[in-house]
2 protein chains.
Amino acid sequence: MAVKYKEIADCLERDIRDGKFDTAKKLPTEEELINNFKVSRNTIRKAINQLVNLGLIYQVQGSGMFLREKSITDYINLGSLRGLTKDLTSKIIETKILELHVVTAEEEIAKQLRCEVGANLYYIKRLRIVDKEPFSIEISYFKKDIVPYLNEDIASSSIYRYLIEDLKLNIGFADKVINCEKIGEANAELLLIKPLDPALIIENTVCLTNGTIFELSKSVFHYEKAKILNRINFK
Amino acid sequence: MAVKYKEIADCLERDIRDGKFDTAKKLPTEEELINNFKVSRNTIRKAINQLVNLGLIYQVQGSGMFLREKSITDYINLGSLRGLTKDLTSKIIETKILELHVVTAEEEIAKQLRCEVGANLYYIKRLRIVDKEPFSIEISYFKKDIVPYLNEDIASSSIYRYLIEDLKLNIGFADKVINCEKIGEANAELLLIKPLDPALIIENTVCLTNGTIFELSKSVFHYEKAKILNRINFK
DNA sequence: AAGTGGTCTAGACCACCGT
DNA sequence: CGGTGGTCTAGACCACTTC
């Protein structure tokens, strides 16, 4: 993290989350930030841009930079990598591994992962439990050539923390498709709801910064417990 | 649109959508774009940034700029303003106005819109019909001091086109909350499904660039027909 | 009119990819 | 190593808000 604008962005993000600007609901001017951090204006503006994209602040030409309403916690944040652990901060998150093994890609999965049929994949099925109640079922496939090792320990805590910090993967972008279905019997049983009750589904295709797809996942959420939040900017 | 980087972004977006780079799956280098458009590097990079944020391309340091997989059309795009008409391009979209009148804000709505109880609002309830079949029910509130006039004609086509092009509103950002419920009787009837069938819900709070909330909406989607797509970048 | 963000330029150097 | 993006600087001028 030797990059100035990221350090500044992180610093300001911490300040915002710590409530440092809550009384004014306003950030220092660009001018002031330039002086505080001793960098050029472009660097400050790049840092600020991150905060805008995160949905933390908005800028008004001629007026200043303001805090956005605090988003309700305990919503799933579509735009973050961070997973349940970071989204539902006030809750107890537990994970039960239902399955974890190496499999070979069959046709449909290979097509979606853009890899060869027969390629080695990690297959993981987990039940996520929030405040002692079943919350979601997550099925993931990881390409084994990119994620060479996984175990129950890693899969029980944050897989993404492991991918980023230990494997040093550079995660770049993702496609998420959200819809809603009648839940099947097996999943209903796991989530303690009735078959044909609603289920909120997120299907996720994740790529490295170089464009390689490395993960495919499908999450089935308890319809009464899961809410997704997305903050959008139009520029 | 006298702004260079936006013009360049729009131009490149058009080229991408027209398939101009489909054979190479690669865009010209920054250097080449600088020469083509005769602008500085920063301006080119700002334009490119828009395309990255739209999920159209990705950049790889040391290598180049590449097209992302084409997203399937006929998904609702969470990150766009443009609404069904622009998302479901291959479909016939019709809109039936169920209600449209001026109302006064009662407490709950006033709180969400951060306005006074009793303020004048437009209340609109619409049934959206896609390829001759009911697709969603949309209930919206607009602050009348910001949207002083609306009629059936406008509400039948694209309200946002009217807000942006005719009223010249500067729309800035929005919070979207997505979840899933058992549908009620009245809505089930409109969507031609059964009560207690699933429904995909999007609640939307939209602000001008200056931070003023001006719209609140709730859309109830047919669970078999609606899919939401969101493209995300991690930077 | 003063304050503050938005756009744009020109140029330097660094980091990563592929040959 | 050459090609290509990523970061950073310094300075100019414009556009909008606020008083």
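For the rotation axis, I superposed the copies by least squares on the C-alpha atoms of residues with pLDDT of at least 70 in both. I kept in mind throughout that this is a predicted model.

**Entry 1: the two protein chains**

I began with how chain A relates to chain B. A rotation of 180°, with 0.0 Å of shift along its axis, lays chain A on chain B with an RMSD of 0.1 Å. That is the relation of a two-fold axis. Which residue of chain A comes closest to the rotation axis? I found Pro198(A), whose C-alpha is 2.4 Å from the axis. I then looked at the interface: 98% of the interface residues of chain A are also interface residues in chain B, so the copies meet through the same surface.

**Entry 2: the sheet**

Next I followed the strands. I traced an open sheet of eight strands with mixed pairing, in the order β4(A)-β5(A)-β6(A)-β9(A)-β8(A)-β7(A)-β10(B)-β3(B). Which strands stand at the edges? They are β4 (93-104) of chain A and β3 (76-77) of chain B; each has a single partner strand, so one side of each is left without a neighbour in the sheet. Helix α7 of chain A, residues 159-166, packs on this sheet. I noted that α7 touches β5 (120-130), β6, β7 (171-182), β8 (198-208) and β9 of chain A, and that its direction makes about 160° with that of β9(A).

I also checked one strand pair inside the sheet. Strands β6 (133-143) and β9 (213-222) of chain A run antiparallel and are joined by seven bridges. In this pair, Ile139(A) has Lys218(A) in β9(A) as its bridge partner.

**Entry 3: DNA strand D**

Then I turned to the DNA. I listed 24 residues around DNA strand D, and those that come nearest are Lys4(A), Thr43(A), Lys46(A), Arg41(B) and Gly62(B). Of the strand D atoms that come within 4 Å of the protein, 63% belong to sugar and phosphate. By class, the residues of this surface are five nonpolar, 13 polar and six charged.

I looked up some individual contacts too. The side chain of Arg45(B) has an N or O atom 2.8 Å from a phosphate oxygen of strand D. Bases are also reached: an N or O atom in the side chain of Gln61(A) is 3.1 Å from a base nitrogen of strand D, and a backbone N or O atom of Gly62(B) lies 2.7 Å from a base nitrogen of strand D. The elements giving two or more residues to this surface are α1 (4-17) and α3 (41-53) of chain A, along with α3 (41-53), β1 (57-60) and β2 (64-67) of chain B. The largest share, four residues, comes from α3(A).

**Entry 4: DNA strand C**

I finished with the other strand. Around DNA strand C I counted 23 residues, with Arg41(A), Arg45(A), Lys4(B), Thr43(B) and Lys46(B) coming nearest. Here sugar and phosphate make up 62% of the strand atoms that come within 4 Å of the protein.

Two backbone contacts go to phosphate oxygens of strand C: a polar backbone atom of Glu30(A) is at 2.9 Å, and a backbone N or O atom of Lys4(B) is at 2.5 Å. A polar side-chain atom of Gln61(A) lies 3.0 Å from a base nitrogen of strand C. Which element gives the most to the surface near strand C? My note says α3(B), with four residues.

Methods: Residues are numbered from 1 along each chain as its sequence is written. Chains are lettered from A and ligands numbered from 1 in the order in which they are written. This is a predicted model: local features need pLDDT of at least 70, side-chain atom pairs count only at pLDDT 80 or more; totals for chains, interfaces and linings use all residues. Side-chain values use heavy atoms; hydrogens and water are left out. A residue is near a molecule or strand if one of its heavy atoms lies within 4 Å of it. A polar contact is a pair of N or O atoms within 3.5 Å; within protein, one must be able to donate a hydrogen and the other to accept it, and residues adjacent in sequence count only if both atoms are side-chain atoms. Ala, Val, Leu, Ile, Met, Phe, Trp, Tyr, Cys and Pro count as nonpolar, Asp, Glu, Lys and Arg as charged, and the others, Gly among them, as polar. Two strands pair if DSSP finds at least two bridges between them. Contact means heavy atoms within 4.5 Å. Axes are lines fitted to C-alpha atoms, for helices over the stretch in contact, and angles run from 0 to 180 degrees between N-to-C directions.
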